[in-house]
Amino acid sequence: GRLRSQSSPTLHTQWLRVGLAGGDSAKSQVVGFVGRGFSLDISRSTTAAVAMGVADAYLLVYNVGAAAAWCYIGLIVLQTVDPTHTASAETDWESIRTVLVPLQATACLEVAHAALGLVKSAVMPAFSQVLGRNVHVFLLSTTATYRAAWLIPLMIIWVVADSSRYAFYAAKLAFGDQNVVVSVLGAVRYNIFVLLYPAGLAVECLLHYYRMMMGATDGVSLMSVYVDPGADLVATAMPLWMLVVFYGFAVVFPHMFKQRRHFYRESTAASTQKKTK
């Protein structure tokens, strides 16, 4: 960090004047005073640098782990569409849930990352994205939901969107902004969302509808939860969960366009600066 004296400019000027007007003793006092200020600033800068290094290392591990987890889910999904695959749909879904549920529970940390200033993201978009996703994972992850034909397409959309997202963050932490890998992953992330996010919302709505109708076929009406304690609360409150998902989309989707403009503005500036050197 920049070396700065811990004294105020006025006090610093007064000490310099004493040093110039006085003898060697006064000058040595000035040097000692300024030296102590520099040493204090160096110590604080070093502590800040260490803290930043620890935070970056933690974020790197977090993003690499999340990207790897989503890639693993992707492998499971690919197995389900293999014609020679013989496992039941219930077995496949349970294999996905084993990784997906703790992965999305851990994603709640991303809200804390934004709140604590570990990342530049705003708190509200991070909260909205995690909330919208977790509504599906923790409310639709039931033993009956795997029967929905649209579940695998939703997993494919999530895998592509989030594996590229976490890979981009990890590469940026590992290689810095001016790197070919970062540029390619950033271009992927900030272009595929235009198709994936609306497609994901459509599939999520279909799953919501399926879940609500599944409750209805089990004899659960939208009002029965108030008179029957054993009613399916998830299916009954499905309109509320759908509102939560639409709210998350309304916050995150425009925010992604803003991030996209920022990414390309930085890329263009870096390219121009490189050409002028």
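Me: Contact here means heavy atoms within 4.5 Å. The model is predicted. Leaving aside neighbours within four places in sequence, which residues is W70 in contact with?
Reply: Neighbours within four places are set aside, and contacts from elsewhere in the chain remain. Among them are V159, S163 and Y166. The others on the list for W70 are L100, L103, Q104, R133, W158 and D162.

Me: What is the pattern of the protein chain, read along the sequence?
Reply: The chain has nine helices and zero strands. Helix therefore follows helix from end to end under the DSSP numbering. The pattern reads α-α-α-α-α-α-α-α-α.

Me: What share of the 277 residues counts as buried?
Reply: A residue is buried when its relative accessible area is under 20%. Applied to the 277 residues of the protein chain, that cut-off gives a buried share of 37%.
The accessible surface of the chain comes to about 15,900 Å², and 67% of it belongs to carbon and sulfur atoms. The buried share asked for is 37%.

Me: Among contacts between residues at least 6 apart in sequence, what share joins residues at least 24 apart?
Reply: Start from the contacts whose residues lie at least 6 apart in sequence. Then keep those that join residues at least 24 apart. Their share is 72%.

Me: Which element gives the most residues to the largest nonpolar core?
Reply: This core has 38 residues, and W70, I73, I96, L100, W158 and Y197 have the most contacts inside it. Elements giving two or more residues are α2 (24-80), α3 (89-106), α5 (123-139), α6 (151-175), α7 (180-217) and α9 (238-276). With ten residues, the top contributor is α6.

Me: How many residues does the second, separate core have?
Reply: This core stands apart from the largest one. Its members include L201, C205, M242 and V244. Its residue count is six.

Me: How far does α6 reach from its first C-alpha to its last?
Reply: α6 has 25 residues. At 1.5 Å a residue, the expected span is 36 Å. The reach in the model is close to that, at 36 Å.

Me: Which residue follows α6 with a positive phi?
Reply: Just after the helix, phi turns up positive, near 90°. The residue there is a glycine, G176.

Me: Which residue does D162 meet in a salt bridge of 2.7 Å, N to O?
Reply: Side chains of opposite charge can pair when their charged atoms come close. D162 lies in helix α6 and its partner in α5, so the pair ties together parts that are 29 residues apart in sequence. D162 is buried at 1% relative accessible area. The partner is buried too, at 12%, and is R133.

Me: How far apart are the closest N and O atoms of D162 and R165?
Reply: D162 and R165 are three residues apart in helix α6, so about one helical turn separates them. Both are buried. They form a salt bridge, with closest N and O atoms at 3.5 Å.

Me: Which residues are linked in a network of salt bridges?
Reply: The structure holds four salt bridges. D162 pairs with R133 and also with R165. The whole network links D162, R133, R165 and E110.

Me: Which residue forms a salt bridge with D177?
Reply: D177 is partly exposed, with a relative accessible area of 41%. Its partner is also partly exposed, at 34%. The closest N and O atoms are 3.8 Å apart, and the partner is K172.

Me: Which helix gives the most to the nonpolar patch?
Reply: The patch covers about 410 Å² and is made by V123, M124, F127, L131 and Y247. Y247 belongs to helix α9 and is partly exposed at 37%. Four residues of the patch come from helix α5.

Me: What separates the C-alpha atoms of M256 and R189?
Reply: M256 lies in helix α9 and is buried, at 3% relative accessibility. Leaving aside neighbours within four places in sequence, M256 is in contact with R189, Y190, F193 and Y197. M256 and R189 are 67 residues apart along the chain, yet their C-alpha atoms are separated by 9.6 Å.

Terms used: Residues numbered from 1 in each chain as written. Predicted model: local features only at pLDDT ≥ 70, side-chain atom pairs only at ≥ 80, totals over all residues. Heavy atoms only, no water. Core = buried A, V, L, I, M, F, W, Y, C linked by side-chain atoms within 4.5 Å. Buried < 20%, exposed > 50% of the residue type's maximum accessible area, 1.4 Å probe, protein only. Salt bridge = Lys/Arg side-chain N within 4 Å of Asp/Glu carboxyl O. Expected span 1.5 Å × (residues − 1). Areas by Shrake-Rupley, 256 points an atom, 1.4 Å probe, with all protein chains shown as cover. Patch = residues over 30% accessible without salt bridge, like charges linked within 9 Å, V, L, I, M, F, W, Y side chains within 5 Å.
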